[in-house]
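Open the model in your viewer and keep the sequence panel visible. The tour goes from stop to stop, and each stop says what to select and what is there.

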Amino acid sequence: MIQRLLVANRGEIARRIFATCRALGVTTVAVHSDADADAPFVAEADLAVRLPGNTPAETYLRIDLVLDAARRAGADAVHPGYGFLAENADFAAAVTDAGLTWVGPPAKAIAAMGDKMAAKALLADAGVPMLPTWTEADQVTGFPVLVKAAAGGGGRGMRVVRDAAGLAEAVAGARREAAAAFGDGTVFIERYVERGRHVEVQIFGDTHGTVVALGVRDCSIQRRHQKIVEEAPGVLPPEVRERLHKAAVAAGRAVDYVGAGTVEFLLAPDGEVHFLEMNTRLQVEHPVTEAVTGWDLVRLQLLVAEGEPLPLTATPPADGHAIEVRLCAEDPAQGFRPATGTLHRFAIPGVAGEFTPAKGLRLDSGVVDGSAVSVHYDSMLAKLVAWAPTRAEAARALAGALARAELHGVATNRDLLVRVLRSREFGAAEADTSFLERHEEVFAPLLAADQLPLAALAAALAGAAGRRAAAPVLGGLPSGWRNVPAFPQVTRFAGPDGEIEVRYRLDRTGALADWSASPAPASTGRDGSAAGGGDAAPDVTVVEVAPDRAVLDVDGTRRAFRVHRVGSEVFVDGPDGAASLTELPRFPLPTAELAAGSLLAPLPGAVTRVHVEVGQRVTAGDLLLTLEAMKLEHPVLAPTDGVVAELPVPSGGQVDTGAVLAVVTEEDPR
């Protein structure tokens with residue numbers, strides 16, 4: 001039996017595996033980079049071994065360092081988690097060659113499915129249905145097509161191409177991204193199915209010849225070809241579900257599969273099923289299968305690795321419905337580019353359990369309050385899963401918990417997830433892989449622009465209450481009260497769309513005499529001043545104010561705002577959504593102005609390619625350079641017609657957030 005398990009991964013999946021190990025009495029070993037030294041997964045492990053460096057290539061991708069860590073910690077088994085080395089056949093072979101128990105499929109099966117072109121040929125012979133596929137651009141016979149990396153997964157290296165003109169650049173870009181992510185730039189091209197659904201079957205095999213399907217998941221809600229919402233069971237006709245189970249089990253038996261795996265399919269609108277790929281590992285979305293089957297899949301992995309037979313031989317019935325969302329550090333204001341920073345608060349209400357199967361709300365998180373979100377790794381912070389007797393109840397509970405969550409310090413995709421879960425099409429189980437392309441409305445923030453002034457007022461009142469509470473003299477005066485009423489209290493914030501100036505006065509009793517917030521649509525307030533948002537200034541009465549809370553009666557309806565201040569940053573969570581504000585100094589210091597036309601780095605990264613030269617004339621939308629950060633390529637485009645005046649960062653150069661990448665002006669600098 002396994003006594004001491006090393007997890008060759010990080011973040012939430014390491015914590016997830018540790019949770020099952022604790023329940024089984026297995027000692028846990030973490031490996032960590034320097035950037036992860038203070039991460040929660042390191043603190044929770046029984047033993048931890050440092051891998052010197054920060055980037056994945058220096059640490060988690062080093063087979064020799066991971067095996068040396070296992071030796072030093074006295075581990076007798078290795079679990080790869082997912083990502084990094086999880087689908088690396090050389091790693092699986094090296095672990096077994098070192099005399100350790102490998103918690104995963106045999107190296108032979110990983111190799112067979114790791115080359116997606118070879119896998120398609122093998123499984124086609126086993127009767128698994130396939131899409132038309134090509135290995136070279138000049139072989140393509142029709143459009144649209146999808147360019148895909150032959151190694152790896154997670155949407156890395158994928159490009160949709162709708163005409164021949166864009167194919168060559170899509171193939172080149174996919175090769176670069178695949179090489180950076182997986183160390184293998186091989187790509188292939190397959191027919192792209194419009195309005196298809198992405199469905200997948202969880203399979204499990206043991207060393208006694210059993211391969212069983214554990215049900216179908218629907219993972220159709222995707223952005224950049226990466227899943228963001230997953231559910232089980234997929235809403236499918238019984239005959240389609242049976243076909244998927246049969247094809248998935250056939251795929252597993254074709255490679256003598258052992259352990260947890262996922263066979264992914266594209267379900268066309270006409271009901272035809274097409275094989276996409278087989279992932280030889282535990283999937284990110286495995287909790288929804290655990291929720292509806294009641295089986296702990298990590299426990300099953302460990303049992304199978306120890307040579308035990310699977311305790312089930314047929315597909316278990318689904319109990320209720322489960323939906324999972326991937327909560328990621330992404331900035332909606334920057335086109336959902338990965339975001340970095342310090343997570344000052346990470347609190348989700350109503351969580352019934354963490355990391356192992358639970359009814360109700362489950363949280364699998366890689367972060368806690370104070371966690372640093374680094375540029376070195378992917379942007380996923382946590383997975384939130386809701387189980388309920390029905391699909392509608394699960395969606396409502398999950399959306400409600402997300403909407404009430406306090407996520408402070410790092411921008412996230414929370415609002416997008418809530419709007420997706422509350423959308424009519426998702427509620428009707430009609431969503432497909434192009435859902436986000438058709439529904440721009442789900443990208444709008446939950447907090448409407450006309451509600452932002454109220455959040456700013458709550459922030460200003462709470463800030464004044466905090467300063468009043470800390471005042472060493474005259475503490476009895478109401479916060480914001482002025483002896484000369486002609487001069488109101490003024491607080492300025494930087495908001496999502498520019499500056500917001502809040503002006504208000506309190507009378508001697510602490511009641512709000514008048515208030516305004518600008519800039520906003522100029523409507524006349526009770527005092528004749530401009531008030532924020534809407535066709536008329538809301539009638540606001542202060543019910544309660546504390547440094548961390550403001551309760552306001554707005555036009556007869558009481559609204560509670562939670563206020564969290566970290567330095568000059570102020571985070572306001574209210575009934576209609578959340579706002580992140582920065583309180584501006586009353587007397588700002590002068591700062592250097594950027595040159596007109598400056599393009600700034602949205603996050604730390606490396607300039608991988610510079611496509612233009614100084615002096616070159618460009619048009620709006622032209623590709624200037626490519627920035628690589630958090631495992632993704634980010635194109636930097638010309639914002640307008642003009643001339644490239646500066647390119648301060650060469651190819652290969654590292655930049656921090658806010659660094660000038662290029663300057664485009666209307667005049668020729670020469």
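A residue is called buried when its relative accessible area is under 20%, exposed when it is over 50%, and partly exposed in between, using a 1.4 Å probe and protein chains only. The model is predicted, so local features need pLDDT of at least 70 and side-chain atom pairs count only at pLDDT 80 or more, while totals for chains, interfaces and linings use all residues. Residues are numbered from 1 along each chain as its sequence is written, and side-chain values use heavy atoms, with hydrogens and water left out.

**Stop 1: a loop**

Helices (H or I, at least four residues) and strands (E, at least two) are DSSP runs, numbered from the N terminus. Select Ala 595, which lies in the loop between β34 and β35. Is Ala 595 buried or partly exposed? Its relative accessibility is 40%, so Ala 595 counts as partly exposed. Now add Val 664: it is 69 residues from Ala 595 in sequence, and the C-alpha atoms are 9.3 Å apart in space.

Select Arg 586 next, in the loop between β34 (577-583) and β35 (598-600). Arg 586 counts as exposed because its relative accessibility is 67%. Pro 237 is 349 residues from Arg 586 in sequence and 63 Å from it in space, C-alpha to C-alpha.

**Stop 2: a parallel sheet**

Two strands pair if DSSP finds at least two bridges between them. Select β1 to β5: these five strands form an open sheet with parallel pairing, in the order β3-β2-β1-β4-β5. At the edges are β3 (47-50) and β5 (101-102), each of which pairs on one side only. Zoom in on β2 (residues 27-32), which runs parallel to β3 and is joined to it by four bridges. Opposite Val 31 you will find Val 49 in β3.

**Stop 3: an antiparallel sheet and its helices**

Select β6, β7, β8 and β9. They form an open sheet of four strands in the order β6-β9-β7-β8, with antiparallel pairing. Why do β6 (133-134) and β8 (159-161) each have one side without a neighbour in the sheet? They stand at the edges, and each has a single partner strand. The partner strand β9 (residues 187-191) pairs with β6 in the antiparallel sense over two bridges. Thr 133 stands opposite Glu 190 in β9.

Contact here means heavy atoms within 4.5 Å. Axes are lines fitted to C-alpha atoms, for helices over the stretch in contact, and angles run from 0 to 180 degrees between N-to-C directions. Add helix α6 (residues 116-125), which packs on the sheet and touches β6, β7 (145-149) and β9; the direction of α6 makes about 45° with that of β9. Then add helix α7 (residues 167-182), which lies across β7, β8 and β9 and runs at about 25° to β7.

**Stop 4: two packed helices**

Two packed helices are described by the angle between their axes and the distance between the axes. Select helix α11 (residues 391-404) together with α12. They pack at an angle of about 155°, with their axes 9 Å apart. That makes α11 roughly antiparallel to α12, where angles under 35 degrees count as roughly parallel, over 145 as roughly antiparallel, 65 to 115 as roughly perpendicular and the rest as oblique. On α11 the contact is made by Ala 395, Leu 398, Ala 399, Leu 402 and Ala 403, and on α12 by Arg 414, Leu 417, Val 418 and Leu 421.

Keep α12 (residues 414-421) selected. Seven of its eight residues are buried, so α12 is largely enclosed by the rest of the structure. Among the buried residues of α12 are Asp 415, Leu 416 and Val 420.

**Stop 5: an enclosed strand**

Finally, select β13 (residues 259-267). Nine of the nine residues of β13 are buried, so this strand is largely enclosed by the rest of the structure. Strand β10 (residues 197-205) runs antiparallel to β13, and nine bridges join the two. Glu 200 has Glu 264 in β13 as its bridge partner.

Which residue in β14 does Glu 264 stand opposite? Select Glu 277, which is that residue. Strand β14 (residues 273-279) is antiparallel to β13, with six bridges joining them. The two strands form a hairpin with five residues between them, and in the turn Gly 271 has a positive phi of about 90°.
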